[in-house]
Amino acid sequence: MKNILLFIKENLAVGLLLFALFLGAGNIIFPPLLGQQAGEHITTAMIGFLITGVGLPLLAIVAIAKAGGDLQILANRVGPTFGVIFTSIVYLAIGPFFAVPRTGSVSFEIGIVPFLPEGLTDHWAPLFITSIVFFALILLLAINPSKLVDRVGKILTPVLLGVILLLAIKSFISPMGEPGAALGKYTETPLTEGFVQGYLTMDVLSALVFGIVILQALRDMGMSNTKKQVKTTIFAGIIAAIGLSFVYIALGQIGNTSINAIGTFDNGGTIIAKSAEALFGRLGTIILSATILLACISTAVGLLTANAQFFNKLFPKVSYKTFLVIFTIFSAAITNVGLSTIISASLPVLLIIYPLAMVLMVLSLFDHFFKGGKIVYILALIPTFFVSLNDGLKQMEIHIAPYVNILKALPLYEQSLAWLVPAIIGALIGLIIHNLTKKSKKTSLISSSN
């Protein structure tokens, strides 16, 4: 018991670091929206959301820890070309292209706009100035990643948790009203709709990337034993999962009980901003601003650090700091296109790569059963890609009639989960081929030895 308590005490900061890295813009704005739209089906919808927003990211942390903290090594099981391309796309998607600019935009929309004079809310200058200040701070924090545990895990996270705790306690003790009626797909398929909405958090993709940040932090702390690194990373994943579950359920509750007090909105940021004001008045706005800024700062630091480390490894002639500066400036520029544009542009990409990431992650957890057989990965990922590609095209309102007509026959098509059955069938066929090939080779070896 004493050893367990010592282990927890020594590694709690790492778990808080991982939780803080996860808890960014999307984690704050999407659960309240789910809460409002799910209505009386909030529990079922939240279970689906927690599967993709907490359960699968935890499995991804385990998978990436066992792979040495490197997504590229994991993706290389399909092939080296796939490994480089897929890993690069994932890093850029949750880095300077979408997720990091989203942290800047959300920080502005919820953390700054409520305090601006009315005439300046739609002017370009406040967002421009905010993006410069925000990303200058991010660059300062990320320039030396060896300080990440102290700066984020030990300082920002406890403050962040305290702020969210205040909102959560108030919403449970004094709920703003009763849940409204379920809307859209939540009326008939709340579980699968919650599952798909969990994509928007990007947590599975983030988990595949944050592994390298955690392992580097552990090495900087002097932890060189590989087994201990894996054990600590998994423990950190459990801490992060507990924290995220609490945050999602609390924010979902706030959204679910908010309709009587604030009305309905199609923007989670607006819901949480108006709810905070309804719960605490002007103080609520200040509390929420602090929450958003802290969450977005910690996430942006982790994502830019991970991106700079990955591309520095891929192109070692370019230094870590150079990549960090480039990605920070690029993120600041993209931030200025606005939150709605960033979310709209990211959705098609997420719908395409998220299923691929989930299939790759799940297969890696069962890798020991088929000894890393490449054919299993390939035959599972090919049909997954062709189905998820259609989901991305559909989001961009591109419809190829023959292609769509074939895919419509698949189970769960309407729920954007049509890739699931083809992925399972592809993996099973790959497993059969792998076992037959292995058996054939073994027979040939026996024959030749005779």
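Is Ser346 buried or exposed? Ser346 is buried, at a relative accessibility of 3%. That residue comes back in point 5; here are my notes on the rest of the chain as well.

1. First, the caveat. This is a predicted model, with a chain average of 84 for pLDDT and 92% of residues scoring at least 70. Confidence bottoms out in helix 8 (residues 148-173), where the mean is 69. At the other end sits helix 15 (residues 320-335), the most confident element, at 95. Where pLDDT is low, predicted coordinates shouldn't be read in detail. I'd keep that in mind for helix 8, given its mean of 69.

2. On the fold: it's helices and no strands, with 19 of the former and 0 of the latter. The radius of gyration comes out at 22 Å, close to the 22 Å that the globule rule gives for 450 residues, so the chain is as compact as a globular protein of that length. The C-alpha trace spans about 85 × 55 × 50 Å along its principal axes.

3. Packing and surface next. Of the 450 residues, 55% are buried. Take the contacts with a separation of 6 or more, and 80% of them join residues 24 or more positions apart. The chain exposes about 19300 Å², and 69% of that comes from carbon and sulfur atoms. As for charge, there are 27 positive and 18 negative side chains, and the centres of the two sets are 19 Å apart.

4. Two backbone oddities to look at. Met202 isn't a glycine, yet its phi is positive, at about 65°. Glu397 does something along those lines, with a phi near 60° in a residue other than glycine. Each sits in a loop: Met202 between helix 9 (190-197) and helix 10 (203-220), Glu397 between helix 17 (374-395) and helix 18 (401-407). Their surroundings are another matter. Met202 is buried, with a relative accessible area of 1%, while Glu397 counts as exposed at 67% relative accessibility.

5. Back to Ser346, which belongs to helix 16 (residues 339-365). Setting aside neighbours within four places in sequence, Ser346 is in contact with Phe98 and Met202. So the Met202 with the positive phi of about 65° turns up again here, as a partner of a buried serine in helix 16.

6. Which residues does Leu21 contact once neighbours within four places in sequence are left out? They are Phe210, Val213, Ser298, Thr299 and Gly302. Leu21 itself lies in helix 1 (residues 2-22) and is buried, at 0% relative accessibility. Leu34 is 13 residues along the chain from Leu21, and the C-alpha atoms of the pair are separated by 22 Å.

7. Last one: Leu191, in helix 9. This leucine counts as partly exposed, with 39% relative accessibility. Not counting residues up to four places away in sequence, Leu191 touches Thr44, Ile47 and Gly48. Thr130 is 61 residues from Leu191 along the chain, and 38 Å separates their C-alpha atoms.

Key: Residues numbered from 1 in each chain as written. Heavy atoms only, no water. Helix = DSSP H or I, 4+ residues; strand = E, 2+ residues; numbered from the N terminus. Rg over C-alpha atoms; globule rule 2.2 N^0.38 Å. Buried < 20%, exposed > 50% of the residue type's maximum accessible area, 1.4 Å probe, protein only. Contact = heavy atoms within 4.5 Å. Areas by Shrake-Rupley, 256 points an atom, 1.4 Å probe, with all protein chains shown as cover. Lys, Arg positive; Asp, Glu negative; His and termini not counted. Charge placed at Lys NZ, Arg CZ, Asp CG, Glu CD. pLDDT = per-residue confidence, 0-100.
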